[in-house]
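Student: Could you help me see how the words used for a protein structure follow from their definitions?
Tutor: Gladly, let's look at one together.

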Amino acid sequence: MASTLRKTIAKFLKPSIYSSSHYSSSRSFAAAFGVDDASSINSLDRNSNSAKLGGAKSISSSTASYHVTGGSSYMRGVMFTEPNQPLTIEDFQMPRPKVNEVLIKTKACGVCHSDLHVIKGELPFASPCVLGHEITGEVVEHGPLTDGKIVQRFPVGSHVVGAFIMPCGTCSFCSKGQDDLCEDFFAYNRAKGTLYDGETRLFLRSNGKPVYMYSMGGLAEYCVIPAHGLAVLPDSLPYTESAILGCAVFTAYGAMVHAAEVRGGDSLAVIGIGGVGSSCLQIARAFGASVIVAVDISDDKLQQAKAVGATHTVNAQKEDAVEKIKELTGGKGVDIAIEALGKPQTFLQCTQSVRDGGKAVMIGLTDSRARGEVDINRLVRRQVKIIGSYGARARQDLPKLVQLAETGTFNLTAAVSRKYNFEEAGKAYEDLARGSIINRAVVDVA
């Protein structure tokens, strides 16, 4: 079995047609223009027609009008306005894609802690905005003057999955294949809530005011995605479970392949067993890691961890996680430790859990004011490597993740523990905040 898995993985690690060289002839995005200043970003009129999630009655989908190819049209989206306030369902004008962008009819969107950090005010982001950044859906329209190769690769009607890091394809990092460091993604989307011409694609139906986009703004019935952030989803894979490929699995794969460079026989610990952490366990098992230690404070999560790849589990509330990891590795520590929670305490545990010369990989986002602690002398003397990893590389990695799911090497069903309908999106984040979601939750949008 292990031999078969290694052959499967090796097959998927071959150079992909989605590498940066394949896109070198694609047309670049429109030149970037400036965006409104912070005061105008936050000046949106809050008095639009809305319904609180989980509270007042929302607009029925049967009343929504979708005329993608012409005429007036609108859609519903879940909007965040300010920290610790209820999300609301709003009517939006139908978003329109621009050059080399694709309009997607959203089918499902994953529920991620990154969104929750924004909701709680821990990660500053332009507001009001539509959250949601791991989606599946159906292609319904291409932007004007979109490259013909993009239209051929993603024809109208095709099923797709979207990565939360949406590479521009033309910046200095993208030109080297480092999509995860895309300059435009961080300068425009994460810094300003727009796409790469400096403009959002979301506008309220009632007054035309702009609403900003966390990645593609996936908690909406339609969303616009730069084509380089998409991969074709085969009919054999379900929309709902496959949504997590765009962030939970995408983040785990980037950490394991590009940051940790996991090899067969490695010993590994994952600290924080949520959607991303449990995905790390599956990938570690697929790559042939010999010792896989899952660390959490929830016995339910640790029990599930055994089903998806953990060889050992540690409840950090009941025993010293670092000492237990060293005990399991003959006193040395693991070759690789993954921090998937984003807490100063678990950051320190991660660095202390690795052997001399080992790799501590940090993938958990946290409150922007938080700071991690590290033993500087051990870091220097024993060559401990601390590596940050935000995600994978969409053009080369997302198609591989689809293949891993299609072959069953990555078990999507085991990775999704809760499903919500569109009107329950607010409840999904409340449950996430309470810690009652074991792995990943997904919102069925359509």
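Tutor: We will talk about cysteines and then about a pocket. This is a predicted model, where local features need pLDDT of at least 70, side-chain atom pairs count only at pLDDT 80 or more, and totals for chains, interfaces and linings use all residues. Residues are numbered from 1 along each chain as its sequence is written, and side-chain values use heavy atoms, leaving out hydrogens and water.

Student: How many disulfides does the structure hold?
Tutor: Zero. A disulfide here is a pair of cysteine sulfur atoms within 2.5 Å.

Student: How do you know that C182 is in no disulfide?
Tutor: The nearest cysteine sulfur, that of C168, is 3.6 Å away, and the cut-off is 2.5 Å.

Student: What makes C182 count as buried?
Tutor: Buried means under 20% relative accessible area, exposed over 50%, and partly exposed in between (1.4 Å probe, protein chains only). C182 has 0% relative accessibility, so C182 counts as buried.

Student: Why is C223 without a bond to C109?
Tutor: Because the sulfur of C109, the closest cysteine sulfur, is 8.1 Å from that of C223, which is too far. C223 is also buried, with a relative accessible area of 1%.

Student: Which residues lie nearest the centre of the largest pocket?
Tutor: They are H113, A340, L341, G342 and K343, among 47 lining residues. A pocket is an open set of points on a 1 Å grid over the protein atoms alone, where a 1.4 Å probe fits, with protein on both sides within 12 Å along at least five of seven lines; lining residues have an atom within 4 Å of a point.
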